[in-house]
Amino acid sequence: RQAAPASGAPISQALHSAGARQAVPPSPATAEMAFALSPEWTVEAEAEADAESAATIGASVANDIFERVRFDGSLSDDSLRKLRCIFEKTLDSAVDLLDHATITRITPRRADTRAFWKVPGTSGSSYHCFSGYCNCQAFAQLVARATNHPLACKQLVCKHQLAARLADSTGACAQMQLEDEVWGQELLRGCEEARS
């Protein structure tokens, strides 16, 4: 874990030490050298790499917050403030889902470390979420799909994934165990619904 930056240290220094690349336009000499080393280098590629670094840092910070929530057993105002900085409006939608719907963690009987979450949507549909995936359209459009413009900002997660993480971290999700074969069929059914 990185130590907090010393008092008065610039934020860019703290980000650089955490592995993030600084979003500073390259000097002409740097641009020439980068082009000579990699003809595919462009300002857009640099900006895309910076966005990916920021997303990686955001996800890491969020994981730390979720672990703290799990340890505390509740979602404090401080944790909500921090999560809002990372997830912005998606957090409000996720909290609304958590407040008004039952989110279910579904595990196979013989391997309860594997799980997916069934999250009711606002449209009446249910969505299947697991690490890095949700079968909703917002996930496909805003999280997973690469945009045509490299400077466009993608979301880290959809509201269903975030609601599942919140429910799991706070212990607010229902638990369901299925026979292994039934669990696999249910998981596949959710994935296939996304394609239709």
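Trainee: What makes β4-β3-β2-β1-β5 an open sheet with edge strands?

Mentor: This is a predicted model, and in it five strands line up in that order, with mixed pairing. Look at the two ends. β4 (133–134) and β5 (174–178) each pair on one side only. They are the edge strands.

Trainee: How do you know that β2 and β3 are paired?

Mentor: Two strands count as paired if there are at least two bridges between them. Four bridges join β2 to β3 (residues 126–130). The criterion is met, therefore they pair. The two run antiparallel. Within this pair, W117 stands opposite C129 in β3.

Trainee: What makes β1 and β2 a pair?

Mentor: Apply the cut-off of at least two bridges again. Three bridges join β1 to β2, so the pair qualifies. These strands also run antiparallel. R105 has W117 in β2 as its bridge partner.

Trainee: What stands out in the hairpin of β2 and β3?

Mentor: Five residues lie between the strands. In this hairpin, G124 takes a positive phi near 100 degrees.

Trainee: Now α5. How do you know that its length fits a helix?

Mentor: Set the span against the expected value. Helix α5 has twelve residues, 89–100. At 1.5 Å a residue they should span 16 Å. The end C-alpha atoms are 17 Å apart, which agrees.

Trainee: Which residues of α5 are called buried, and why?

Mentor: Buried means under 20% relative accessible area. T90, L91, A94, L97 and L98 are buried, so each falls under that cut-off. They cover an arc of only 125 degrees around the axis, which puts them on the same side of α5.

Trainee: What is on the other side of α5?

Mentor: K89, D99 and H100 are there, and they are exposed. Exposed means over 50%, so these three pass that mark.

Trainee: What do the buried residues of α5 pack against?

Mentor: Three elements: α4 (77–87), β2 (116–120) and α7 (159–170). α7 also lies across β1 (104–108), β2, β3 and β4. It runs at about 115 degrees to β2.

Trainee: Step back. How many helices and strands are there, and in what order do the elements run?

Mentor: The protein has eight helices and five strands. From the N terminus on, the elements run α-α-α-α-α-β-β-β-β-α-α-β-α.

Trainee: What share of the protein is buried?

Mentor: Buried residues make up 29% of the 196 residues.

How values were computed. Residues are numbered from 1 along each chain as its sequence is written. This is a predicted model: local features need pLDDT of at least 70, side-chain atom pairs count only at pLDDT 80 or more; totals for chains, interfaces and linings use all residues. Side-chain values use heavy atoms; hydrogens and water are left out. The expected span of a helix is 1.5 Å times one less than its number of residues. Buried means under 20% relative accessible area, exposed over 50%, partly exposed in between (1.4 Å probe, protein chains only). The arc is that of the directions from the helix axis to the C-beta atoms. Contact means heavy atoms within 4.5 Å. Axes are lines fitted to C-alpha atoms, for helices over the stretch in contact, and angles run from 0 to 180 degrees between N-to-C directions.
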